[in-house]
Every structure is written in structure tokens, then in C-alpha cells.
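This report introduces a protein chain to a reader who has not met it before. Please look over the sequence and the model before reading on.

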Amino acid sequence: MKRIISLGLAALIILGTLTGVLISAVYAAESMHIPDVPTSPDPDKDSPGNPQDPDNNTSGKPNILTNEGILIEKYYYLTKNNQTYLVLVLVDTNIKASSTESFNDFYFSLLTSNFYPLSSKDENYGESITSRAEVLSGKGSSTGDKNLRFQVEVPYVGWDKKGNEIYFRMYYDYNNEPIAMEGYEVRANLSQFVPPTPSEPDPVEPDPTIPDPATPYILVQNYSYGEGDVAAGSDFALTVNFYNTSANISLENIIMKVEPTAGLSITGASNTYYIPTLGAKGSMTKSIPLKCLTSATPGSESVHITFSYEYVANDTRNTKGSEETISIPIAQTERFEVSLTEFPTMLYPGDNTNAVISYVNKGRADIYNLTATIAGNIDDPNQIQNLGNIKAGDSGSAKFSIASMEAGGQVSCVITITYENEKGDLSTITKEFTCEVYDNSGDFIDPGLDPGMDPGMMPPEEEAGMRWWQWTLFSAGSLSVGGVSGLWMFLKTKMKREEADDEDI
């Protein structure tokens, strides 16, 4: 009996000790007032993502309560419109939310630590200021109190991958009362934070009650560049009229870029134009000063125009672009020259001679289907020269045969040159000349000639030189003349001597 009583008392003592330990533990937990960390927090439709749900592009441990009473409820990376954001859902446990929130002058900036602003993209070097903040009204925090909750999106945030400490400053006005005018300076460790590869968030199912607006485009309605083809080497203005295709969406921040091809250049202006806004179904006209270079390709050059712009549809800002190409007809100045370089001035009946034309293409465009023909009162009036295509800078010639049997008449000829330009337009050049045909009908014929002899034949020439008897007579005459001369000289000398002797006596 005593043993039974002893065992009962021992059991009561052990039971009492365990009860006291449990009561102490419960009391200690209540006195610390540490909020429980839910293992699976409720998703929040006002801020995208769940920190433990990789499908929603989040990571890290939620519900980090800092010493300043700021609860970091969620955090994740977000990429939209080619811009990366760090998104934080914060709860100020020091402030109770009321039914009529007035939320103004929110300021949030990253300072240092492992998360830092990318100063190369941010005008405010050394800090990154939130681009958007909103009150998540009507929602209680995980502490069970309806504190003031808000979401901030901080653009251009880098991560050094060396740690997970975040350091930021924030203050705001709430119900027209400044909260923490000196600002909360918060340090916290975003445990196990590994930013995912930036990507666009999962698409949100569209609200069937809100129709999806048609995508707006900018289209060129009409354009002008003057009358006729644009001459190479000339200046002209390209006037472009374009419009917004949407009947209910306005376009903003429009950038118009003009890119002409190699034969055209913009003169005295930039190739980029900024247009702040273009209303729904609105239109606008821009005039672009251009010059057509002398080296422009004959036929056609083009101008490529691109538009980039923004618009808001269903409370979402979107970026879009469109492009157009405009063709400009180009005409090179024709400088095809033809000259008559050889032609006869006198013809003999039945003789053949030549008439020659020379040509040169001094322009920058090719000449096509060059043909030369001759017409006139000649023996062969149907001569045709098909000279083909003549490239820019090339030259050549064409020769025609000229003959006529009409003695005493006159020959009149016209040489016609035809060709086409790059557009198929036909051009004609003519060259004229005349010449006389010699009249040989009255030429003199010697009547002593044998009638059967060809009047054009000459009588045979006699043998040249003196005959023997002519040489004999010539020698005798020469000797006689010499003898007489010698006798006369002898007598004259003798007479002079006799006269001299008489004077001496």
C-alpha cells in the first residue's frame, strides 16, 4: 500500500513539473510578442508574385521585420519594358491603416550594401529613387494588424553577388501628417536572395469585360517631292504626311528617323525628329530637305522612315514601332553628243566614198538601243547601223557608203540617230549634208584619134634620144663654127701687130 502511494505521489510531481514548464514556455512566447512566420503567405493580387513561388519570379524568405518596425513582406526582381526593377512590398507596423487613406510624397532610395543603383543609367548618382509607390489598402499584414502597406518599384538595381544585405531610406506623408520626416533608414538581410534571370512577368489573364484595344500604327498617308523626276545634282524637299491609325489611343514620345539611300543626302537638318504627341486619328506633316547627288542611280532612289512611339492601353504603357519606304524617281541629265566627222563635197559618177558620224556618251546614265540610218538620193539609201547599248563614258562611230550615177546632179542625205534612256523614253538626233556630182559629159576628145580607140587611151610615146645622122650634122656644124671663129681671131691679132709696127717707125 505504501509503495502504491509513493508511486502516485511521484507521478503527480512529474506531471506538475511538465505543466509548469509548458506554462513558462507559453508565457515567454507571449511576452516576446514575435510574429509567427507563415510558411505559405496568402498571395496578394495588388503586388505580383509570391517570394516562395518561382513561377512568379520571386525568391528569398518573406516577412523580415527590421528594428525600425518596417516589415519586408515580399521582394523580387521584375523586368518590364526592357527595364529591371527591384520590387519590395513593405508594411509600416508603426502606423495603423484607416478607411480613408491619403498617401503623398513617398520617397524611397537605395543607399549601399549588396544592392546598389546602377549609376550608369541613373541621373542621381549614388542612389536609386523609386519610380512608383502605391498603398495596398484594405489588406492586413501577416502580423494580424491592419497596418499601412505599400509597394515600391526601384529601377536600375544591381546586385554584387557577395551578400544579401539591403540598405535603404524612406519617408512619406500619410493623412496629411508627415511620417518619419527624418526618414527610416533600414538595413535588412534578404536571406537566400538569388535574383533570377530578368524576364517579363507571366502574362495576366485579360479581363473579359475590358476589350483589348487594337494596336495603333503610324502610316504614311501621302508624300510629295515636286513635279516630275528629280534631276541629279538638284535640291528638293520631301514632304511626308502621316497619321495615327487608332481611333481612340493617342501616341506619345514619337521618334521619326529618316534614312535616305546613297544617292540622296539630308541638307541642313538632322535625320531624327521628335514629336511629343499625336492624337487618335491625328495626322502631321514633316518636310525633309534633301539633295540628289550627281552620282545618284538613274531610275529610283528611296527614303526609309521609321517611327518608334509609346501609348497607354488598359492602364499599361506599351512601346511600338512602324516603318515606311518611299521611292523617289531620279533622272540623270542626258549628255549624248553626235557629230558628222567625215562626208564628201564632190562625187564622180560611179565612185564610192564614205560619210562617218562619231558619238560619245558624256552623261552618267547608259544609252540603250542606239540605231543610225541614212536616207537620200544615193545608190543605197537603206543602210542601217544597230549600235546597241552605250555605257556612260563610251564612244564610237558609224560609217555609211555614198555613191551616185547621176552626173551633174546633187546628193542630199539625212543621217538619223535614235536611242532610249533608262526609262525607255525615245530620243532622236539628225545630221544632214549635200554634195555635187561631177558632170563629165562635156570632156574634149581629139578628132584625130581612131574612132574605135578608147578616148581615154594615150598614143604611144616615140623613142627618146638623137639619131646618128643628127649627131653627124651636129659635129660638122660645131667644127665649122669653131674654124671660122679661130680664123677670125688669128686675123684680128695679126692686124693689131702690124698697126703697132707702123707706129714704131
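How many helices and strands does the secondary structure of the chain come to? The total is two helices and 28 strands. The model described here is a predicted one. Of the 505 residues in the chain, 31% count as buried. Among contacts between residues at least 6 apart in sequence, 66% join residues at least 24 apart.

**Strand pairing**

Strands of a sheet pair through backbone hydrogen bonds, in either a parallel or an antiparallel arrangement. One open sheet in this model consists of three strands in the order β21-β23-β26, and their pairing is antiparallel. Its edge strands are β21 (336–342) and β26 (395–403), each of which pairs on one side only. On average, neighbouring strands of this sheet are turned by 20° against each other, direction ignored. Six bridges join β21 to strand β23 (residues 352–361) in the antiparallel sense, and S339 stands opposite S358 in β23.

Strand β18 (residues 283–292) takes part in further pairings. With strand β14 (residues 235–244), β18 pairs in the antiparallel sense over nine bridges; here I288 in β18 is the bridge partner of L238. With strand β16 (residues 264–266), β18 pairs in the antiparallel sense over three bridges, and L290 in β18 is the bridge partner of I266.

**Salt bridges**

Side chains of opposite charge can pair when their charged atoms come close. The count of salt bridges comes to six. Three of them are listed below, each with the distance between the closest N and O atoms.

| Salt bridge | Closest N and O atoms |
|---|---|
| E185 and R169 | 3.3 Å |
| D235 and K291 | 3.4 Å |
| R317 and E310 | 3.0 Å |

E185 forms its salt bridge with R169. E185 lies in strand β11 (residues 177–189) and R169 in strand β10 (residues 165–174), so the pair ties together parts that are 16 residues apart in sequence. E185 is partly exposed, because its relative accessibility is 35%, and R169, at 24%, is partly exposed as well.

D235 forms a salt bridge with K291. This pair links distant parts of the chain, with D235 in strand β14 and K291 in strand β18, 56 residues apart. Is D235 buried or exposed? At 56% relative accessibility, D235 counts as exposed, whereas K291 is partly exposed, with a relative accessible area of 28%.

R317, at 35% relative accessibility, counts as partly exposed. Its partner E310 is partly exposed too, with a relative accessible area of 24%. Together with E252, residues E310 and R317 are linked in a network of salt bridges.

**Two individual residues**

E301 is found in strand β19 (residues 299–313). This residue is buried yet has no salt bridge; R364, the nearest side chain of opposite charge, is 11 Å away. The side chain of E301 does make a polar contact with the side chain of T261, at 2.5 Å. Leaving aside residues up to four places away in sequence, E301 touches several residues, including A262, L264, I326 and I330.

A407 has its place in the loop between β26 and β27 (410–420). With a relative accessible area of 37%, A407 is partly exposed. A407 and L347 are 60 residues apart in sequence and 8.9 Å apart in space, C-alpha to C-alpha. Not counting residues up to four places away in sequence, A407 touches P349, V437, Y438, D439 and N440.

How values were computed:
Residues are numbered from 1 along each chain as its sequence is written. This is a predicted model: local features need pLDDT of at least 70, side-chain atom pairs count only at pLDDT 80 or more; totals for chains, interfaces and linings use all residues. Side-chain values use heavy atoms; hydrogens and water are left out. Two strands pair if DSSP finds at least two bridges between them. Helices (H or I, at least four residues) and strands (E, at least two) are DSSP runs, numbered from the N terminus. Axes are lines fitted to C-alpha atoms, for helices over the stretch in contact, and angles run from 0 to 180 degrees between N-to-C directions. Buried means under 20% relative accessible area, exposed over 50%, partly exposed in between (1.4 Å probe, protein chains only). Lys and Arg count as positive and Asp and Glu as negative; His and the chain ends are not counted. A salt bridge is a side-chain nitrogen of Lys or Arg within 4 Å of a carboxyl oxygen of Asp or Glu. A polar contact is a pair of N or O atoms within 3.5 Å; within protein, one must be able to donate a hydrogen and the other to accept it, and residues adjacent in sequence count only if both atoms are side-chain atoms. Contact means heavy atoms within 4.5 Å.
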